[in-house]
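Colleague: Before I use this structure, I would like to go through the labels attached to it and hear how each one was reached.

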Amino acid sequence: MNMKDKVVLITGGGYGIGRQIARAFGEAGAFVIVAARSLEKLESVAAEVKAQGGRARAVALDVTRAEEVEQLIADVSKTQGQLDVLVNNSGIGGPTALARDVSLEEWTQTLEVNLSGAFYCAKYASKVMIDRGQGCIVNIGSVASRIGFAHRTAYAASKWGLLGLSHSLAAELGPYGIRVNAVLPGLVDGERFGGVMANRAKLEQRSKDDVLAGMVAQTPLKRLVSEKEVADAVLYLASDAASGITGQALNVCGGFRMQ
């Protein structure tokens, strides 16, 4: 899975899964661009990639602002001369609440970050890729892309939408040599999932450990998956090893969801 001479843009690359994706592509030889709103965290990730002998650049970006996305893609195309891979990883957990208690602001924000942001990035990145007749987009969804989650309506809706976006883009962009796939993480050991479990425990008036144990019990592997395991799946789908794969969604969830 050699990514030498490839230019990769990773949104939400400041921590968690995004950080591990950046490290994976850096180790594989790619020039890594990490983008998110918090430049301080991004600089730290870029420094990690460089410390491993890789090449990286950190840029501030709000994916909900289409004009910022368009400007960044244009800048990458101009300065690097190409954009080979886009990883749409920016996302938020959204509210943990009954649908009737979710505010309109929470609903809108969740869909703007998790779905509209990915659309904006794909919209402008695909134009650059079409000009070169090649490229790859990997969208980071969730097992919530395929099942309903009580108390997680906004998040699940955004991730179902992201899966539909992935399939539609694959159909549109395939004739131009551009592949589009999704990675659907499940129970991922990390800060974000820990926060979701804490919110669910509070809502259900149970301990966090009890809620987490109940979720893990539903996985055949009986454990959480690591952020690195998710990153490795992304690297595979973006590599030439997956050159015949498009329009697919790969579950990385320890078997929590089998399809």
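What follows is a conversation that sets values against cut-offs.

Modeller: Please keep in mind throughout that this is a predicted model.

Colleague: Let us begin with helix H5; why is Ser158 called buried?

Modeller: Buried means under 20% relative accessible area, and Ser158 has a relative accessible area of 0%, so the label applies. Ser158 lies in helix H5, which covers residues 153-173, and Ser158 touches Thr110, Leu111, Asn114 and Leu115, leaving aside residues up to four places away in sequence.

Colleague: Which parts of the structure do the buried residues of H5 pack against?

Modeller: They pack against helix H4 (104-132) and against the strands S5 (135-140), S6 (178-185) and S7 (249-252). The buried residues of H5 include Tyr155, Ser158, Lys159, Leu162 and Leu169.

Colleague: How do you know what span to expect of H5?

Modeller: The expected span is 1.5 Å times one less than the number of residues; H5 has 21 residues, for which 30 Å is expected, and the helix reaches 30 Å from its first C-alpha to its last, close to that expectation.

Colleague: Turning to strand S7, what makes Val252 buried?

Modeller: The relative accessibility of Val252 is 12%, and since the cut-off for buried is under 20%, Val252 counts as buried. Val252 has its place in strand S7, and the residues that Val252 touches, not counting those up to four places away in sequence, include Val183, Leu184, Pro185, Val225 and Ala233. Its C-alpha atom is separated by 8.3 Å from that of Val143, although the two residues are 109 residues apart along the chain.

Colleague: How many disulfides are there, and how do you know that Cys121 is in none?

Modeller: The count comes to zero disulfides. For Cys121, the nearest cysteine sulfur is that of Cys136, at 14 Å, whereas a disulfide needs two cysteine sulfur atoms within 2.5 Å. Cys121 counts as buried because its relative accessibility is 1%, and Cys253 counts as buried because its relative accessibility is 4%.

Colleague: What makes the contact between Glu48 and Arg19 a salt bridge?

Modeller: The criterion is a side-chain nitrogen of Lys or Arg within 4 Å of a carboxyl oxygen of Asp or Glu, and the side chains of Glu48 and Arg19 meet at 2.9 Å, N to O, which satisfies the criterion. This pair links distant parts of the chain, with Glu48 in helix H2 (residues 39-51) and Arg19 in helix H1 (residues 16-27), 29 residues apart. Glu48 also forms a salt bridge with Arg23, where the closest N and O atoms are 2.7 Å apart. Because Glu48 lies in helix H2 and Arg23 in helix H1, this second pair ties together parts that are 25 residues apart in sequence. The structure holds 10 salt bridges.

Colleague: Why are Arg19 and Arg23 called partly exposed?

Modeller: Partly exposed covers what is neither under 20% nor over 50%; Arg19 has a relative accessible area of 26% and Arg23 one of 22%, so both receive that label.

Colleague: Which labels do Glu204 and Arg200 receive, buried or partly exposed?

Modeller: Glu204, at 26% relative accessibility, counts as partly exposed, whereas Arg200, at 11%, counts as buried because the cut-off is under 20%. Their side chains meet in a salt bridge at 3.1 Å, N to O, and both residues lie in helix H6 (residues 191-204), four residues apart, about one turn of the helix. Salt bridges that share partners join Arg200, Glu204, Arg206 and Asp210 into one network.

Colleague: What is the phi of Asp5, and why is Asp5 called exposed?

Modeller: Asp5 has a positive phi of about 70° although it is not a glycine. Most residues other than glycine have a negative phi. Exposed means over 50%, so Asp5, at 53% relative accessibility, counts as exposed; Asp5 is found in the segment before S1.

Colleague: And where is Lys222, and what makes Lys222 exposed?

Modeller: Lys222 has its place in the loop between helix H7 (208-216) and helix H8 (227-238). At 53% relative accessibility, Lys222 counts as exposed, since the cut-off is over 50%. Lys222 has a positive phi of about 55° and is not a glycine.

Note on methods: Residues are numbered from 1 along each chain as its sequence is written. This is a predicted model: local features need pLDDT of at least 70, side-chain atom pairs count only at pLDDT 80 or more; totals for chains, interfaces and linings use all residues. Side-chain values use heavy atoms; hydrogens and water are left out. Helices (H or I, at least four residues) and strands (E, at least two) are DSSP runs, numbered from the N terminus. Buried means under 20% relative accessible area, exposed over 50%, partly exposed in between (1.4 Å probe, protein chains only). Contact means heavy atoms within 4.5 Å.
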